[in-house]
Amino acid sequence: MNIIIAGYGKVGSALTRQLSAEGYDLTIIDSNRKKLESGQELYDVLVVHGNCATMSVLEEAGVKNADILIAATSADEINLLCCLTAHKLNKNIHTIARIRNPEYSEQIVLMRDSLGLSLLVNPEKQAAQEMERLIRYPGFMKREKFAHGRVEIAELRVTADSPLCDIPLMQMGSVTKCHSLVCTVLRNGNAIAPNGHFILKEGDRLFVTATTNELALLLKNLGIVTHRVKRVIICGGGKSAPYLAQMLEKGNIKVQIVERDQKKCLELAELLPFADIVNADASDLSLWESERLSSDDAIVAMTGLDELNMMITLYVKSCGVHQTITKLSRTESSALLDKLDLGSVICPKDLCSNTIVGYVRGMKNQTGASIAVHRIADGKSEATEFHVTKDTLYCGVPLKDLKLKKNVLIASILHLSQCVIPNGESCFYPGDTVIVVSDSDRAISRLNDIFE
Amino acid sequence: MNFRMIGRIISFILIVEAIFMLPGMVLCAVGGQMQSALAFLITIGIIFATSSALWLLCRKAQKGFYSRDGLVCVGLCWIIMSLFGALPFTISHEIPRYIDAVFEIASGFSTTGASILNDVEALSKGMLLWRSTSHWLGGMGVLVFLLALVPISGRSDGFTMHLLRAESPGPDVGKLVPRMKQTAIILYGLYILLTVLDFIFLVIGKMPVFDAVCIAIGTAGTGGFGVLNTSIASYSPYIQTVCTVFMLLFGVNFSCYYLLLCGKIKNVLKDEELHWYLGIAVFAIAVITLSLSLKHFYPTFGETLRHSAFQVGSLLSSTGFATTDFDLWPAIAKAILFSLMFIGASAGSTGGGFKIGRMLLVLKMMRRNVRQVLYPQKIQVVRVNGRVVDEAVLRNTNAYLCTYVMIILVSFLIVSIDGFSTTTNITAVVSCFNNMGPGLEGIGPSLNYSGYGTISKIVLIFDMLAGRLEIFPILVLFSRSAWKRR
């Protein structure tokens with residue numbers, strides 16, 4: 001399948017890495033030669049230099065034979081124009097545009113239909129949605145929904161005083177008294193697919209699958225305090241802030257936004273009448289003292305600077321805040337981040353590229369192809385959703401008798417819309433949906449690929 | 001430097017080389033020349049042993065392959081290929097001295113066609129075939145061939161770009177389609193198609209099949225090894241015309257053929273480099289025909305035109321076949337032929353030389369500098385085919401030109417030790433460096449390089465390989481930092 005990626009920035013490069021590894025033929029368009037050069041040296045792709053919204057450049061990039069165009073430049077208008085032009089040149093092309101300006105959000109549906117866009121992604125809005133989920137259902141560092149929300153993969157951190165610390169996974173069920181499955185353990189930045197004898201250590205990050213109800217039980221039994229958050233302080237009035245504030249307001253949570261720029265503060269105050277807008281510098285620690293932080297608070301650090309966000313989180317954690325969310329624009333140094341207790345980490349770039357990759361895979365949808373893909377454990381592992389069809393091998397064979405590839409695990413089986421957390425006796429049948437967790441180095445695009 | 005990965009690629013390359021020796025071996029065995037067949041067999045054995053040893057040594061290659069690794073890898077590959085490719089000649093005693101054999105095969109791989117053989121016809125047929133096969137393999141590049149066949153490492157890696165850049169001629173090398181493998185397959189597909197067409201046309205002209213194979217693959221690589229002592233002179237006028245056309249065709253940028261196949265005829269017709277290539281060819285043919293006609297060199301105008309067109313095609317595309325001894329031609333004709341040697345074929349073709357694309361850039365830069373003097377405030381960009389050329393490409397072209405001239409000068413000085421005439425020496429260096437083959441006077445079309453001493457031969461071998469790989473892949477091998485681990 002031929003895919004054109006217009007704009008080789010953060011999202012563009014994340015997409016290139018992922019899609020190129022999955023064997024699609026990629027063409028990248030950018031107006032910056034240096035960026036293109038580095039892209040060409042890293043990945044097996046064709047590069048075209050120029051403005052992606054012009055006909056000649058799109059034609060040179062082979063838009064007439066392309067199946068998908070992803071417009072991910074920094075300007076919304078260029079993205080739209082790019083998709084529009086591509087659509088005029090090739091009627092059958094699927095266009096995906098990144099639109100991030102909140103002012104356009106109300107006309108998105110309108111644009112989608114009349115401009116023939118297949119998918120619109122808004123990384124800031126997605127990030128806000130994710131943050132809201134974390135705040136509303138605290139206790140976990142990250143949650144991913146599968147199979148229309150019937151299954152979730154949640155991230156847990158093993159602390160020194162946790163009942164899970166220093167026990168083998170086999171005994172996890174008896175400690176937590178609920179059905180759950182650890183599909184990946186992230187230790188020192190390495191993803192490990194554990195077996196029953198794996199002993200959990202302090203500092204490990206666990207990725208657990210369970211149904212939504214069981215997850216709540218898990219939290220309760222593990223004794224993780226789930227204070228209801230009463231106030232959220234958002235540091236940085238960037239593009240995500242209004243989205244997040246509006247969503248939280250609907251949930252009756254008090255919102256306070258700290259922003260350094262006075263002009264921006266005024267804009268926010270105009271837009272969000274219910275929220276407290278504070279014109280202050282979040283890096284000024286005296287601010288936090290005056291705010292009298294308590295465990296009922298949640299802090300979202302989402303200024304434009306990764307370093308500052310980390311500093312804020314670390315500081316407020318020391319002030320007794322349990323629920324913190326840190327926005328990072330790069331997660332490449334995750335091995336280092338692991339050593340810090342940052343709480344939940346959100347990377348808008350990854351969220352955005354995951355959505356697009358999911359769409360691309362869905363388009364490919366041959367028999368046995370994946371329906372949805374989520375990258376977990378900082379992108380080191382992948383949770384992929386598959387439909388079991390008649391062509392799937394080993395239907396009805398108990399899992400203990402199957403030989404799966406290394407580092408591949410079946411995390412859950414949805415049988416007759418009932419979620420089953422599998423054990424050795426479980427098996428799947430045509431019509432079921434299974435969720436497979438694997439290394440992201442070896443992308444699995446068909447269900448039958450997981451068997452030896 | 002990722003030596004393990006380089007070792008792995010070299011071990012692959014050696015296997016490819018061994019496979020391409022098989023036809024020569026079979027031909028020797030069938031023809032009853034058991035000694036030559038045995039020489040091939042021994043060489044193939046040595047190659048397999050070396051390759052598997054390298055493979056075992058370099059099993060745990062790390063990922064990470066950068067442009068400097070690409071340059072070193074390509075340079076090393078070609079030198080090692082030449083060293084192993086020379087073995088059959090020496091083992092079978094058909095070319096007794098190893099240095100001569102290396103000269104012969106380096107001339108083959110670099111598509112030069114310069115020979116040290118006094119009597120080509122004395123070689124066994126298998127050896128002749130191997131000589132010409134090396135042209136074919138060297139023309140499009142053996143690493144490109146490898147890229148078309150095997151995924152050297154994971155599918156997401158872009159490092160293959162460094163290999164293509166280092167091996168393919170031209171100032172600005174790019175892919176045709178997103179996947180390197182597909183690009184390589186398209187290039188070799190076109191190459192094979194044109195070669196087969198050439199072969200068919202030659203066979204229609206009643207050329208013996210063996211000759212037709214050797215000449216066709218020699219033309220395809222723009223090499224120039226013939227199978228007869230008289231090169232192409234003793235074949236019929238029809239065959240000479242076919243050769244002229246195909247030599248010129250192989251000197252065209254292969255992306256033009258790809259565009260033609262895609263139906264983008266307009267883009268091809270607008271290609272500036274193609275205009276210059278054809279323009280230069282027509283101009284040179286016209287002037288040479290005129291000068292020969294004035295002196296009544298050949299009985300008819302047709303024959304004059306045929307010889308001049310053949311020689312222009314041969315030297316412009318850097319092939320180096322000959323239908324006549326052009327060393328006897330008038331001075332102006334020889335001067336034009338000598339200039340053609342420098343210019344060479346188009347970028348992205350199988351030909352050698354400075355490349356028309358580069359010459360175009362140099363000329364445009366010259367024009368820009370002149371204008372800059374007259375109108376200093378004016379901001380000017382260099383355009384080719386209406387597109388702005390990146391300053392980095394221009395800088396590289398300048399650097400290339402300087403290195404090019406320096407290498408010719410230094411080689412000329414060293415080669416002059418052997419006491420031949422100045423014309424002989426300068427044309428020998430220019431001819432080898434631009435992958436031509438024959439020169440003037442002492443190394444004219446009817447003579448050869450056997451008179452040169454060992455040192456001169458080593459210099460000329462260096463020139464041939466450096467000329468084919470466009471200097472830098474070979475030159476970096478002399479840099480100490482190329483051999484450091486980090």
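Start by selecting Asp44(A) and Lys175(B): they make a salt bridge, with their closest N and O atoms 2.6 Å apart. Keep in mind as you look around that this is a predicted model.

Now widen the selection to the whole interface of chain A and chain B. You'll find four salt bridges across it, along with eight residue pairs in polar contact. To see where chain A's side comes from, pick out α1 (10–21), β2 (25–30) and α2 (33–42), the elements that each give two or more residues to it. Of these, colour α2(A) brightest, since it gives the most, with five residues. Colour that side of chain A by residue type and you get seven nonpolar, four polar and seven charged residues. The contact takes 18 residues from each of chain A and chain B, and the two chains bury about 1500 Å² between them, 39% of it on carbon and sulfur atoms.

Next, stay inside chain A and colour its domains: domain 1 (2–121), domain 2 (127–222), domain 3 (231–321) and domain 4 (353–450). Show just domains 2 and 4 of chain A, where 23 residues of domain 2 touch 21 of domain 4. About 1800 Å² is buried here, with carbon and sulfur atoms giving 69%. On the domain 2 side, select Glu144(A), Phe146(A) and Leu181(A), which lose the most area to domain 4, together 25% of what that side buries.

How many salt bridges link domain 2 and domain 4 of chain A? The count is zero, and one residue pair is in polar contact. Finish with the strands on the domain 2 side: β7 (142–146), β8 (151–157), β9 (181–187) and β11 (205–211) of chain A each give two or more residues. That side divides into twelve nonpolar, six polar and five charged residues.

Notes: Residues are numbered from 1 along each chain as its sequence is written. Chains are lettered from A and ligands numbered from 1 in the order in which they are written. This is a predicted model: local features need pLDDT of at least 70, side-chain atom pairs count only at pLDDT 80 or more; totals for chains, interfaces and linings use all residues. Side-chain values use heavy atoms; hydrogens and water are left out. Domain bounds come from an automatic or database domain assignment. Contact means heavy atoms within 4.5 Å. Buried area is the accessible area (1.4 Å probe) that two parts lose on being put together, summed over both. A salt bridge is a side-chain nitrogen of Lys or Arg within 4 Å of a carboxyl oxygen of Asp or Glu. A polar contact is a pair of N or O atoms within 3.5 Å; within protein, one must be able to donate a hydrogen and the other to accept it, and residues adjacent in sequence count only if both atoms are side-chain atoms. Helices (H or I, at least four residues) and strands (E, at least two) are DSSP runs, numbered from the N terminus. Ala, Val, Leu, Ile, Met, Phe, Trp, Tyr, Cys and Pro count as nonpolar, Asp, Glu, Lys and Arg as charged, and the others, Gly among them, as polar.
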